[in-house]
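This briefing takes up two topics, the packing of a pair of helices and the pairing of aromatic rings. Please keep the sequence and the structure at hand while reading.

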Amino acid sequence: MSFVIVTDSCANLPEQIIEQHNIHVIPLTFHVDGQELKSYEKGKTTNFKQFYDMMRDRKTITTSLVSPDQFINIFTEFLEAEQDILYLGFSSSLSGTYQSGTIAAEELRTAYPDRKIMTVDTLSACGGEGLCVLWAAELKAQGKTIEETAQWVEENKLRMAHWFTCDDLFFLKRGGRLSAGTAVIGSLLQIKPVMHVDNEGKLVPVEKARGRKQALQTLVAHMEKTVEEPQKQTIFIAHGDCEEEARYVLKLIQDKMTIKDAIIHYIDPVIGAHAGPGTVALFYWGAHRN
């Protein structure tokens, strides 16, 4: 039975991968000084560089989730085309988008009893969610059923390691992740937070690094400790308009181990609005997330 993989724009996948695997991406919304914009809207190009320049100019940026009605409209198109749906969503601990998707799925299961609508809370964000979606797409291409694909993601999602560092603490302060006092002291001392997404799908500060380069090196040090079979993996490095530093992280990794491939891509505006320019994030499959 044919099924389609649906995710949301927080998966951060490059357009070529989305098109290659026929993944449907639901765009989340962000607002810049009151103007409504969408991230990863089909047929349109997101100007990531312009977005991060607006953040540097301290423009007011807010984000909003996808409503159940939006999910119903999108899901219905596939159901009417006699396709089953596997929705892999942004961590429910970071957004209400996944919950909207499950509400829509529950309603549509009654209306379309002969169709399968499966949802998985990836408990992941950005490239972590993206790699879960990419693995699901590859399993589908291998002929796995919707049930087998959903089960694999469910069983393996807590192996998806996320490690982040931010350069400008202003944006973490504005988003409520840091107190004003901590942000000021951290900025004066050039202290950079190193964070990860935990088993509940929450963004959690883990340690502090003195200076930018040490923070980037710390991301790789965590990967060294927990990565499994890197030679078989495609890793993901996402950045907030600082590609040179993302490539520095990749070079550090390649100096220490062999990997199959790497995706380097911008952090999408909805996540970037909370993390800010200069954020670098590393994603890979490990023995565990911590």
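The points below are grouped by topic, and they describe a predicted model.

**Packing of helices H9 and H10**

- Helix H9, which covers residues 212-226, packs against helix H10, which covers residues 243-256, with 10 Å between their axes and an angle of about 40 degrees.
- The two helices H9 and H10 are therefore oblique to each other, since the oblique class takes in angles that fall outside the ranges under 35, over 145 and 65 to 115 degrees.
- The handedness of the crossing of H9 and H10 is right-handed.
- On the side of H9 the contact is made by Arg 212, Lys 213, Leu 216, Gln 217, Val 220, Met 223 and Glu 224, while H10 contributes Glu 245, Tyr 248, Val 249, Leu 252, Ile 253 and Lys 256.
- Sorted by class, the residues in the contact of H9 with H10 comprise seven nonpolar, five charged and one polar.

**Glu 243 in helix H10**

- Glu 243 belongs to helix H10, and its relative accessibility of 36% is the reason that Glu 243 counts as partly exposed.
- Between Glu 243 and Val 280 the C-alpha to C-alpha distance is 8.8 Å, although the two residues are 37 residues apart in sequence.

**Aromatic pairs and a cluster**

- The count of aromatic pairs, taken with ring centres within 6.5 Å, comes to 13.
- In the pair of Phe 30 and Phe 51 the ring centres are 5.4 Å apart and the planes stand at 80 degrees, so this pair is edge-to-face.
- Because Phe 30 lies in strand S3 (residues 29-32) and Phe 51 in helix H2 (residues 48-56), the pair ties together parts that are 21 residues apart in sequence.
- Phe 30 and Phe 51 are both buried.
- The rings of Tyr 87 and Tyr 98, by contrast, are stacked, because their planes are at 15 degrees, with centres 6.0 Å apart.
- Since Tyr 87 lies in strand S6 (residues 84-89) and Tyr 98 in helix H4 (residues 97-111), this pair ties together parts that are eleven residues apart in sequence.
- Tyr 87 is buried at a relative accessible area of 0%, and Tyr 98, at 13% relative accessibility, counts as buried too.
- One aromatic cluster is formed by Phe 30, Phe 48, Phe 51, Tyr 52 and Tyr 266, so that Phe 30 and Phe 51 appear both in the edge-to-face pair and in this cluster.

Conventions: Residues numbered from 1 in each chain as written. Predicted model: local features only at pLDDT ≥ 70, side-chain atom pairs only at ≥ 80, totals over all residues. Heavy atoms only, no water. Axes fitted to C-alpha atoms, helices over the stretch in contact; angles between N-to-C directions. Helix = DSSP H or I, 4+ residues; strand = E, 2+ residues; numbered from the N terminus. Left-handed = near helix turned anticlockwise from the far one by under 90°. Contact = heavy atoms within 4.5 Å. Nonpolar A, V, L, I, M, F, W, Y, C, P; charged D, E, K, R; others polar. Buried < 20%, exposed > 50% of the residue type's maximum accessible area, 1.4 Å probe, protein only. Phe/Tyr/Trp six-rings, centres within 6.5 Å; stacked < 30°, edge-to-face > 60°.
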